[in-house]
Amino acid sequence: MFNIVIFGPPGSGKGTQSVRLKKKYGLVHLSTGDILRDALAKKTGLGVKAQEYMDKGELVPDEDVIGMLMKVLDENMNSNGFIFDGFPRTGKQALFLKENLEKRDTMIYALLTLDVEKEELIKRLIDRGKKTGRSDDKLSVIENRIKVYHDQTAPVIEFFRKMDKYYPVDGMGTIDEIFDRLCRVIEEVIK
Ligand code: ADP
């Protein structure tokens, strides 16, 4: 299996790039944000609980997200590998992922981080909010999501840097340019 994490602040383009990477490398795209939004639409127990946090731009509790991830992980263990998008988002989630992949005789090969300036993030998210009506894409919530990213999520970088698996990628420019940059890193890692 070849597993990677696509990482970066809200609005950095993780979802957009994941769709392309998934096609090119034949990987399973595991987006915790998408799974949570799906649970929310179906009004499952998890969805109802998660909504409270998501609407404020806060993180859903680790144990809920971890339980949900485990299920999808086990359902796809016969695949070529995963693109983790939106997970891990805390140090605890990072450790959990490492240990559970090791138990299954596999691992994360790279954490690809999309670096994007704050003004650009806000612009992209407000734009997306207008187009999709996503309830957390409004200015008051966006500011908190970016803050939560810096406070709780950015430490995940350190976790991967220590294992020599941290790859920063310039996330400014066109979708094609950014995709090319990501592919170049992946080709290096696969070698
Ligand atoms: P973005 O990266 O644009 O903020 P996501 O779709 O990845 O959007 O996530 C939306 C929301 O879902 C987050 O603000 C958070 O509330 C929740 N969420 C997603 N993934 C996780 C996770 N791994 N841990 C905790 N909460 C999560």
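Helices (H or I, at least four residues) and strands (E, at least two) are DSSP runs, numbered from the N terminus. The structure is a predicted model, in which local features need pLDDT of at least 70 and side-chain atom pairs count only at pLDDT 80 or more, while totals for chains, interfaces and linings use all residues. Residues are numbered from 1 along each chain as its sequence is written, and side-chain values use heavy atoms, with hydrogens and water left out.

**Exercise 1.** Determine where aspartate 137 and arginine 145 lie, whether each is buried or exposed, and which polar contacts their side chains make.

Solution.
1. Location: aspartate 137 belongs to the loop between H6 and H7, and arginine 145 is part of helix H7.
2. Accessibility: buried means under 20% relative accessible area, exposed over 50%, and partly exposed in between (1.4 Å probe, protein chains only). Aspartate 137, at 6% relative accessibility, therefore counts as buried. Arginine 145 has 11% and so counts as buried.
3. Polar contacts: these are pairs of N or O atoms within 3.5 Å; within protein, one must be able to donate a hydrogen and the other to accept it, and residues adjacent in sequence count only if both atoms are side-chain atoms. The side chain of aspartate 137 has such a contact, of 2.7 Å, with the side chain of arginine 128. The side chain of arginine 145 reaches the backbone oxygen of aspartate 136 at 2.6 Å.
4. Neighbours: contact means heavy atoms within 4.5 Å. Leaving out residues up to four places away in sequence, aspartate 137 touches Leu125, Arg128, Gly129, Ile142 and Arg145. With that same exclusion of residues up to four places away, the neighbours of arginine 145 include Pro10, Gly57, Arg134 and Asp137.

**Exercise 2.** Describe the largest pocket and the second largest pocket by volume and lining.

Solution.
1. Criteria: on a 1 Å grid over the protein atoms alone, a pocket is an open set of points where a 1.4 Å probe fits, with protein on both sides within 12 Å along at least five of seven lines; lining residues have an atom within 4 Å of a point. Grid points are joined across faces, edges and corners, and a volume is the space filled by probe spheres set on the points.
2. Largest pocket: the volume is about 960 Å³. Its lining comprises 46 residues, with Pro10, Gly11, Lys14, Arg128 and Arg134 nearest the centre. Among the elements that each supply at least two lining residues are S1, H6 and helix H7 (139–153).
3. Classes: Ala, Val, Leu, Ile, Met, Phe, Trp, Tyr, Cys and Pro count as nonpolar, Asp, Glu, Lys and Arg as charged, and the others, Gly among them, as polar. The lining of the largest pocket thus divides into 18 nonpolar, 17 polar and 11 charged residues.
4. Second largest pocket: the volume is about 180 Å³. Its lining includes Ile35, Asp38, Met68 and Glu75, and H4 gives the largest share, 4 residues. By class there are 5 nonpolar, 1 polar and 4 charged residues.

**Exercise 3.** Establish how strand S4 is paired and why it is largely enclosed.

Solution.
1. Pairing: two strands pair if DSSP finds at least two bridges between them. S1 (residues 3–7) and S4 run parallel, joined by 5 bridges; asparagine 3 stands opposite isoleucine 108 in S4.
2. Further partner: 5 bridges also join S4 to the parallel strand S5 (residues 166–170), where aspartate 170 is the bridge partner of aspartate 115.
3. Burial: S4 (residues 108–115) is largely enclosed by the rest of the structure because 6 of its 8 residues are buried.
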